[in-house]
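Here are some notes to read alongside the model, written for someone meeting a structure of this kind early in their studies. Please keep the 3D view open and find each residue as it is named.

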Amino acid sequence: MPPAALCIHLCIGMAYGFSVFWKPLEGVLVGADGKALPSCSEGATTFSEKAAGTAKALFATDCNWSQFDLGWMYTFFFVMLGVSAAIWGAWLERAGPRRAGTVAAICWSGGLLISALGVYLHQLWLLWLGSGIIGGIGLGLGYISPVSTLIKWFPDRRGMATGMAIMGFGGGAMIGSPLATFLMNQFKTPADPGVAATFVALAVIYAVFMGLGASGYRLPPDGWKPEGWKPPDTSNAMITSKHVHLKNAHKTPQFWLLWTVLCMNVSACIGIIGAASPMLQETFGGMLASAPELGYLDVQKDPALLASAAAVGAGFVGLISLFNIFGRFAWATSSDKLGRKLTYCIFFVLGGALYVLASVAADWKAMALFVAAICIIASMYGGGFATIPAYLADVFGTQFVGAIHGRLLTAWSTAGIVGPVIVNYLHDTRAASGIPPDKIYGEIFYILAGLLVIGFIANLLVRPVNPKWHMSDTEVAAERAKLSHSASTPSGTGSFGIGKGGLDLKGIGLWLLVGLPLAWGVWNTVARALTLF
């Protein structure tokens, strides 16, 4: 199950790495003089002007796209992720993770193919529809498909289980960003940045990996427990042994407090992660190309320096992804000991302090300190995602945790709008008002720290659910019988097992399938990260 989940999450996690496409897509159209045409919202300084420019960019073929225009595709990713998880979470519980994983593969890869057509025709609306909407549906189904299943396999380590389930989502950019950069370099020509062909290649690769991952999903037998493990007789007051029905979960204040906790944690980080590559290039300019005396605008005039800075930017995206993926596993596993509430308190307090530090580091041109602050923030951002399913299981029980988690992900959808809009809107308007590129993000960081304060307060207010919402034992038994009947899948390990109940050949193959790309991603990320310091 863990490598099967990673097969899917490492693919859909490339959503975090889409910022490597922004700069190439901003200069797709060139004039007779060989220079990029102005964007459709050139000179816009207000939100209404930017929105009008984006409306024009949807269908125009005579002007380029801006970061604000393209950033909406990133927003659609996570809006549709939350919406699709909320709508089809209950269906997933009935149909099983294998079917949901297969549909996710079709949507995600199909969306990339539609986006490739959009780049070829220079139609922004096709990128929004393809990767943003259809791909976003694939994100939602692929994201939640293994969560409740792994919690059932690991009842003794809920945090670790959810960390394994979704750590691959944070690591997708670690593999996908340098891969996409490599493919664009192979496919590009003087008149084409190679983005469309790269989308097609990634669609084929991801379809294969996600299909294999979906075929590896298994559900444990009813009543299964790890050998020698017994549920504890007493537990933390925040960990219930009862269950809350899906239809009642959203009626409790705990659901909406946790919704706010996740929304604020994500809003404060997602916009920065989505703009990671251009943010680093704008803030440190020539420092990324061994020319510290040059600013960002000077680097843009030299193709060689620009390519060098872009490569370092891709390395920064990969480094963030590395911290994101391991933060998901490390923080979620730590929450088994620390408790979910305390873990989130750490996220909010430390995260706010680090945003202040990042702003100071940007002013000081202390790139190592800046990178370290953003990377630790990324680890807690990923840790928040991995910890929230276990938090939900503690508060609402495990019977409907997958579907409740799906509904809670509407917080991610909201954050997918709030975070990127704050960052992209302030970025573009501050740039248009004449603020130097290296000074653009300082004020933005303080606003994001304020969002973490709101999340901190919401987390402090979380209490155990009122017993009136708990299901009776008879109701639980009836629901388990219903779900078991409609979502039954093979649960054994098969033949050629290794050790007592151990790995089979399929499991070994899946671990190799995800292990080799992960090893390459880590090696490549570490190698690129050395250029940052």
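1. A nonpolar core, as the term is used here, is a set of buried Ala, Val, Leu, Ile, Met, Phe, Trp, Tyr and Cys residues joined through side-chain atoms within 4.5 Å. Please bear in mind throughout that this is a predicted model.

2. The largest nonpolar core has 170 residues, and the members that touch the most other members are Phe21, Trp108, Phe370 and Trp412. Helix H16, which covers residues 367–396, gives this core its largest share, namely 18 residues.

3. Phe370 deserves a second look, and once its neighbours within four places in sequence are set aside, Phe370 is in contact with Met279, Leu280, Phe284, Phe316, Ala358, Ala361, Ala362 and Phe445. Among the residues that are buried in helix H12 are Met279, Leu280 and Phe284.

4. How many of the nine residues of helix H12 are buried? Nine of the nine residues in this helix, which spans residues 276–284, are buried, and they include Ser277, Gln281, Glu282 and Thr283 as well as Ala276 and Pro278. H12 is followed by Gly285, which has a positive phi, near 50 degrees.

5. On the surface, Leu113, Val200, Val204, Val208 and Leu212 make a nonpolar patch of about 400 Å². Helix H9, residues 195–215, supplies the largest share of this patch, with four residues.

6. Is Val208, which lies in helix H9, buried, partly exposed or exposed? Val208 counts as partly exposed because its relative accessibility is 48%, and the partly exposed class lies between under 20% for buried and over 50% for exposed.

Methods:
Residues numbered from 1 in each chain as written. Predicted model: local features only at pLDDT ≥ 70, side-chain atom pairs only at ≥ 80, totals over all residues. Heavy atoms only, no water. Patch = residues over 30% accessible without salt bridge, like charges linked within 9 Å, V, L, I, M, F, W, Y side chains within 5 Å. Areas by Shrake-Rupley, 256 points an atom, 1.4 Å probe, with all protein chains shown as cover. Salt bridge = Lys/Arg side-chain N within 4 Å of Asp/Glu carboxyl O. Helix = DSSP H or I, 4+ residues; strand = E, 2+ residues; numbered from the N terminus. Buried < 20%, exposed > 50% of the residue type's maximum accessible area, 1.4 Å probe, protein only. Contact = heavy atoms within 4.5 Å.
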